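Biologist: I am new to this structure and would be grateful for a guided discussion. May we proceed by question and answer?

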Amino acid sequence: MLIRFKKGAGRQDSAGQESGRRKAQKQDRLPVFPEFQSAELRESSEELSNPGCGWYHVYTFRAQPAADGRPVEEEAWLDESCRAERLALALIDIGDFRTKPLSREALLHIGQIMEFFRKNRKQLLLRFVYDTEGRGMEREPLTLAMVKRHMEQAGGAIRPYLEDILVMQGIFVGNWGEMHGSKFLDEVSMCELIDTLYRVTEGRCFLAVRTPAQWRRITGRLTSGGLKERLGLFNDGIFGSPTDMGTYGTASGREAGENGSWSREGELGWQEQYMDAVPNGGEILSCMPFKSSRQAAEDLAKMHVCYLNSIYHPEQLDHWRKEKVEEPGCWHGLSGYDYIGRHLGYRFFVRNITVKKDELQMTIKNCGFGNLYQEAECLLVTEREQGSSSCRRLDTDARNWKSGQESVLTAVLSREEGAAGSRLYLLLRRKADGYILRFANEGADEKVPLGEFLKG
């Protein structure tokens with residue numbers, strides 16, 4: 001029998017053998033590390049107080065300074081409960097200037113308000129309003145041009161403080177600035193106002209509108225400049241009615257169309273999919289029967305909520321304070337209020353560690369309702385037996401550690417990192433200022449113990 005060979009087959013076999021030899025040689029050169037003992041990785045229910053998420057109080061100011069020259073400190077007295085919060089909603093009433101530009105005194109006062117919160121180390125939710133009594137149509141300017149003029153002026157006053165602002169809520173108009181009860185909520189006017197606000201804040205802080213329908217209408221019309229990636233939602237009617245007091249509609253998405261208001265179920269599904277990269281939050285309203293903390297947590301997770309008013313509505317919040325978490329684990333016995341508060345925003349938990357040959361693999365779960373919205377550096381820290389230490393940046397973006405999901409990080413270890421007696425830690429710090437972001441692991445302070453390579 002004549003056996004026919006394909007042209008070049010011999011060369012392919014030879015190349016395959018050579019490749020196999022190189023692979024074997026590479027494996028022979030891999031460092032042989034001592035046995036690795038992983039740390040005990042248990043989830044903690046501790047309050048982490050990480051920036052960019054949590055409970056907040058509302059502080060209301062008039063842009064027109066008080067005639068008696070009262071300092072801002074007296075206008076916004078912070079009691080002990082307020083001091084513990086990392087966030088604050090500053091609501092600045094500019095209704096005195098309905099028919100005229102903001103005065104020089106008002107602009108200086110706005111700057112003093114911003115300085116007050118910077119001094120007290122509060123990250124701001126900021127809202128400019130013409131109305132604080134639910135009478136927006138009466139109190140807002142007659143023309144869109146005047147609203148835009150006020151935005152330009154306010155933008156100049158807050159520009160030195162943009163790094164302190166997490167979210168600017170609304171577009172100045174509507175009852176309580178909540179984007180309802182205004183003549184400027186048609187699609188063209190909304191787009192003009194949000195575009196002006198985005199420009200005067202230089203795209204350096206997040207903006208937010210009231211409803212998903214408004215978000216879709218605006219982003220469907222304004223498609224350039226990165227606005228879409230910086231636009232979130234604020235909802236001051238959460239649980240107040242089946243439509244969250246008009247935040248949602250009653251029709252299906254198919255019936256209402258892309259720009260219409262969908263049913264609560266449809267809008268929650270939309271938020272779960274599309275609102276995971278921007279900060280969202282608002283206020284809880286009471287409804288009867290009260291919403292249980294477990295039911296609330298399910299909805300807040302879909303909304304990716306990272307901040308909530310800590311005093312409104314007190315009846316619903318008190319109901320959560322009386323409830324106890326029944327599920328087993330670290331949360332058992334904690335109040336429903338604390339459970340919700342400690343899941344606002346991002347909450348990272350290192351849940352598994354493995355070392356195979358020279359590869360360290362870490363599984364991190366984001367247990368929070370929301371995500372991290374500011375760039376951070378993830379560092380692998382090595383502490384050696386002699387007392388020296390080193391760290392290196394890992395190739396990951398913690399903004400992609402999505403809520404409710406697990407992310408796997410992989411790092412190839414050096415001989416020094418895998419030496420006998422070396423202890424490994426994980427550390428996360430905000431890139432802008434080096435602020436340490438804590439993990440929800442028992443025993444973790446600024447960094448999470450991962451384990452150590454044993455001696456002998």
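The exchange below concerns a predicted model and takes up its sheets, its helix packing and one aromatic pair.

Biologist: In which order do the eight strands of the barrel follow one another?
Modeller: The pairing in this barrel is parallel. Neighbouring strands are turned by 30° against each other on average, direction ignored. The eight strands close in the order S2-S3-S4-S5-S6-S7-S8-S9.

Biologist: Which residue of S4 is the bridge partner of Leu89?
Modeller: Strand S3 covers residues 87-93 and strand S4 covers residues 123-129. The two run parallel and are joined by seven bridges. In S4, the partner of Leu89 is Leu125.

Biologist: At what angle does H7 run to S6?
Modeller: Helix H7 lies across three strands, namely S5 (165-169), S6 (206-209) and S7 (231-238). Relative to S6, the helix runs at about 160°.

Biologist: Is H7 roughly parallel or roughly perpendicular to H8?
Modeller: Helix H7 spans residues 187-200 and helix H8 spans residues 212-221. Their axes come within 10 Å and cross at roughly 75°. Angles of 65 to 115 degrees count as roughly perpendicular, which means that H7 is, with respect to H8, roughly perpendicular.

Biologist: How many charged residues does the contact of H7 with H8 have?
Modeller: From H7, the contact involves Glu187, Val188, Met190, Cys191 and Ile194. From H8, Gln214, Arg217, Ile218 and Arg221 take part. By class, the contact has five nonpolar residues and one polar residue, and the number of charged residues is three.

Biologist: How is the orientation of H4 relative to H6 classed?
Modeller: Helix H4 (residues 104-119) and helix H6 (residues 144-158) pack with their axes 9 Å apart, at an angle of about 45°. The orientation of H4 to H6 is therefore oblique.

Biologist: How many nonpolar residues does the contact of H4 with H6 have?
Modeller: H4 passes H6 in a right-handed crossing. Leu107, Ile110 and Met114 of H4 meet Gln153, Ala154, Ala157 and Ile158 of H6. The contact has one polar residue and no charged residues, while its nonpolar residues number six.

Biologist: Are the rings of Tyr59 and Phe117 stacked or edge-to-face?
Modeller: A search of the whole structure finds 16 aromatic pairs, one of them formed by Tyr59 and Phe117. Tyr59 lies in strand S2 (residues 54-62) and Phe117 in helix H4, so the pair ties together parts that are 58 residues apart in sequence. The ring centres are 5.4 Å apart and the planes stand at 65°. Planes over 60 degrees apart count as edge-to-face, so this pair is edge-to-face.

Biologist: Which strands stand at the edges of the open sheet?
Modeller: Five strands form this sheet in the order S1-S16-S15-S12-S13, with antiparallel pairing. Neighbouring strands are turned by 25° against each other on average, direction ignored. An edge strand has a single partner strand, so one side is left without a neighbour in the sheet; these strands are S1 (36-38) and S13 (389-393).

Biologist: Which residue of S15 is the bridge partner of Val381?
Modeller: Strand S12 (residues 376-383) and strand S15 (residues 423-430) run antiparallel and are joined by eight bridges. In S15, the partner of Val381 is Tyr425.

Biologist: Which residue takes a positive phi in the hairpin of S10 and S11?
Modeller: Strand S10 (residues 348-356) pairs with strand S11 (residues 359-366) in the antiparallel sense over eight bridges. Val355 stands opposite Leu360 in S11. The hairpin has two residues between the strands, and the residue with a positive phi, near 55°, is Lys357.

Notes. Residues are numbered from 1 along each chain as its sequence is written. This is a predicted model: local features need pLDDT of at least 70, side-chain atom pairs count only at pLDDT 80 or more; totals for chains, interfaces and linings use all residues. Side-chain values use heavy atoms; hydrogens and water are left out. Axes are lines fitted to C-alpha atoms, for helices over the stretch in contact, and angles run from 0 to 180 degrees between N-to-C directions. Helices (H or I, at least four residues) and strands (E, at least two) are DSSP runs, numbered from the N terminus. Angles under 35 degrees count as roughly parallel, over 145 as roughly antiparallel, 65 to 115 as roughly perpendicular and the rest as oblique. A crossing is left-handed if the near helix is turned anticlockwise from the far one by less than a right angle, and right-handed if clockwise. Contact means heavy atoms within 4.5 Å. Ala, Val, Leu, Ile, Met, Phe, Trp, Tyr, Cys and Pro count as nonpolar, Asp, Glu, Lys and Arg as charged, and the others, Gly among them, as polar. Two strands pair if DSSP finds at least two bridges between them. Rings of Phe, Tyr and Trp (its six-membered ring) pair if their centres lie within 6.5 Å; planes under 30 degrees apart count as stacked, over 60 as edge-to-face and the rest as tilted.
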